[in-house]
Amino acid sequence: MARIKVGVLGATGMVGQRFIQLLENHPWFEVSEVAASERSAGRPYAEVMQGRWKVPADIPPRVGQLTIKECTPNLECRLCFSALDSSVAGPVEEAFARAGYAVSSNSRNHRMDPDVPLLIPEVNADHLDIIPQQRDRWGSDGYIITNPNCAAIGLAMPLAPLHRRFGLNKVIVTTLQALSGAGYPGVPSLDVIDNVVPFIGGEEPKVESEPLKILGALDGGKFTSADFKISASCTRVHVLDGHLESVSVGLTRKASADDLIKAWEEFDPLRDQELPSAPSPPLIYRQENDRPQPRRDRDEGKGMACVVGRLRTCAILDYKFFVLSHNTIRGAAGAAILNAEYLYKKGLL
Ligand SMILES: NC(=O)c1ccc[n+]([C@@H]2O[C@H](COP(=O)([O-])OP(=O)(O)OC[C@H]3O[C@@H](n4cnc5c(N)ncnc54)[C@H](OP(=O)(O)O)[C@@H]3O)[C@@H](O)[C@H]2O)c1
C-alpha cells in the first residue's frame, strides 16, 4: 500500500518531535512535510534541530533532510498533524481545513468548538458524525479533529467505562503532572527541583470541561455534555514524563470494587480494528499497592495505555484510585496519530 503523505505543523517543538519519532516507519503514514514558524523555515530539519532534538532516538535521516516550510496551506499532503503553539494554532488550523486538509490537532484552540470532535476513538468515535457539519462551515472537504489535554485524557479513559456501566455524579481529581508537559525549556530548574508547584496556568478548566464533552452525547447534530461535575487541582511535579492522577468518583448506581475492575479490564472497544497505535488493552489495572508509578508504568502499550491502581473505597464519594498516562504520547502526539488511524479506517482520509 502507498503510504498517505502527512505534514507536521509545529514540527520543531516538543510535541512535533514526538510526531516525527512516532511516525518513523508508520505502516500507513509517511511524513512528507515539516512546517514551523518563519524563524525555522527555509532550512533543513536536521540543521534547525541541532541542540533542540530531545526525544530518545535519532532524527530519522529522511525527515532530517526535509526543508522546513511555513505553516501555509500549500503543503503536499492530505493530512496535517498540528503541534502548534496555541498562540497561533487557531487561525492556522482553520486555514488548512478551509483549504481542504484533514487536521489532527493537539492544541487546545478548537477542542470545545460545537462542530469539532474532541476524540478518543475508544470512547466517543460516534462524535465523528459531526464532520459533515464542519465541512459545511469551511466550504471544503477539510476538517479539524482534536485530542484532549494531556491530563484530561488520562482522566477520561478510566472514567469512560465507569460512566457507561454505573453512571457518575461527582469526580474529584488531583493531578501530579510531569515536566515535559510544559514544553521545552519548561519550568525553570530552580522552581521545580526539590519542589511541587501547585499551579499550571489554564489547566484546571480544561480537566474540568473536556471529559464532559468526550463522555457526552452527539444528538441531533449537537454535543451535549455528560451530566456530572469534575473538581480538579493540578500540580507540576519533578518527573520527566507521565502524569499521575488521584481520582475520587461518586457513582449513580451501586457497584462493588470488583465490578469497577471488571469494567476497566473488559474495556477494549478497538480490539478488532487493527489500528497500529491502538494499545490492547487500553486500560491496565495493577493489583500492587504501590502502582502505578511514572517511571515504571508510563511506557505500557508503547506509551498509549493508561495504568490504573489502588482502587479503594472513599469516605466522601464512593471510590478512589490512581491513574497514570504518558503525557507526550497518549496525552499528545500518540493520541493524534491514533485519531488519524481511526479516520483512515472509517474512510475519512
Ligand atoms: N508538551 C505536551 O506534553 C503537550 C501535551 C498536549 C498538548 N500540547 C500542546 O501542543 C502544542 C505544542 O506544544 P509543545 O510543548 O510542543 O510547544 P513548543 O515546544 O513550544 O513548540 C511550538 C511549535 O510551534 C511553532 N510555532 C510557534 N510560533 C509559530 C508561528 N507564529 N507560526 C508557525 N509556527 C509557530 C514552533 O516553531 P519554531 O520552532 O519555528 O518556533 C514549534 O514548532 C501546544 O498547543 C500545547 O499546548 C502539549
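Biologist: Before we turn to the ligand, in which helix does Glu-122 lie?

Modeller: This is a predicted model, and in it Glu-122 belongs to helix α5, which covers residues 121-124.

Biologist: Is Glu-122 buried or exposed, and how should I read the label?

Modeller: The label rests on relative accessible area, with buried meaning under 20% and exposed meaning over 50%. Glu-122 has a relative accessible area of 3%, so the residue counts as buried.

Biologist: With which side chain does Glu-122 make a polar contact?

Modeller: The partner is Arg-330, whose side chain makes a polar contact with the side chain of Glu-122 at 2.8 Å.

Biologist: Let us move to the ligand; how many residues surround the ligand, and which are the closest?

Modeller: The shell around the ligand holds 26 residues, and the closest of them are Thr-12, Val-15, Ser-37, Ser-40 and Arg-52. Sorted by character, the shell consists of nine nonpolar, 14 polar and three charged residues.

Biologist: Which atoms of the protein lie at short range from an oxygen atom of the ligand, as far as Ser-37 and Gly-13 are concerned?

Modeller: For Ser-37 the atom belongs to the side chain, a polar atom that lies 2.6 Å from an oxygen atom of the ligand. For Gly-13 the atom is a polar one of the backbone, and the distance to an oxygen atom of the ligand is 3.2 Å. A nitrogen atom of the ligand, in turn, is 3.2 Å from a backbone N or O atom of Ser-180.

Biologist: How much of the area of the ligand does the protein bury?

Modeller: The ligand taken alone exposes 910 Å², and the protein buries 81% of that area. The space that the ligand takes is the largest pocket, and the elements that give two or more residues to the shell are α1 (14-23), α4 (86-98) and α12 (329-345).

Biologist: Where does Ser-82 lie, and which residue, 251 residues apart along the chain, is paired with it in your list of distances?

Modeller: Ser-82 lies in strand β4, residues 79-82, and is buried, with a relative accessible area of 0%. The other residue is Ala-333, and the C-alpha atoms of Ser-82 and Ala-333 are separated by 9.0 Å. A second pair of this kind is Pro-60 and Asn-25, which are 35 residues apart in sequence and 9.4 Å apart in space, C-alpha to C-alpha. Pro-60 is in the loop between α2 (45-48) and α3 (61-64), and counts as buried at 5% relative accessibility.

Biologist: What should I look for in the backbone angles?

Modeller: Most peptide bonds are trans, and most residues other than glycine have a negative phi, so departures from either pattern deserve a look. A cis peptide bond joins Tyr-184 and Pro-185, with omega about 0 degrees, and Pro-185 is in the loop between β7 (168-177) and α8 (189-192). The bond from Arg-291 to Pro-292 is also cis, with omega near 5 degrees, and Pro-292 is found in the loop between β12 (283-286) and α11 (294-297).

Biologist: What is the phi of Lys-302, and what is that of Arg-310?

Modeller: Lys-302 has a positive phi, near 50 degrees; the residue lies in the loop between α11 and β13 (306-313) and counts as exposed at 75% relative accessibility. Arg-310 has a positive phi of about 55 degrees although it is not a glycine; Arg-310 lies in strand β13 and is partly exposed, with a relative accessible area of 33%.

Note on methods:
Residues are numbered from 1 along each chain as its sequence is written. This is a predicted model: local features need pLDDT of at least 70, side-chain atom pairs count only at pLDDT 80 or more; totals for chains, interfaces and linings use all residues. Side-chain values use heavy atoms; hydrogens and water are left out. A residue is near a molecule or strand if one of its heavy atoms lies within 4 Å of it. A polar contact is a pair of N or O atoms within 3.5 Å; within protein, one must be able to donate a hydrogen and the other to accept it, and residues adjacent in sequence count only if both atoms are side-chain atoms. Accessible areas come from the Shrake-Rupley method with a 1.4 Å probe; for residues, only the protein chains shown count as cover. On a 1 Å grid over the protein atoms alone, a cavity is a set of points where a 1.4 Å probe fits but cannot get out, and a pocket is an open set with protein on both sides within 12 Å along at least five of seven lines; lining residues have an atom within 4 Å of a point. A molecule sits in a cavity or pocket if more than half of its atoms lie within 2 Å of its grid points. Helices (H or I, at least four residues) and strands (E, at least two) are DSSP runs, numbered from the N terminus. Ala, Val, Leu, Ile, Met, Phe, Trp, Tyr, Cys and Pro count as nonpolar, Asp, Glu, Lys and Arg as charged, and the others, Gly among them, as polar. Buried means under 20% relative accessible area, exposed over 50%, partly exposed in between (1.4 Å probe, protein chains only).
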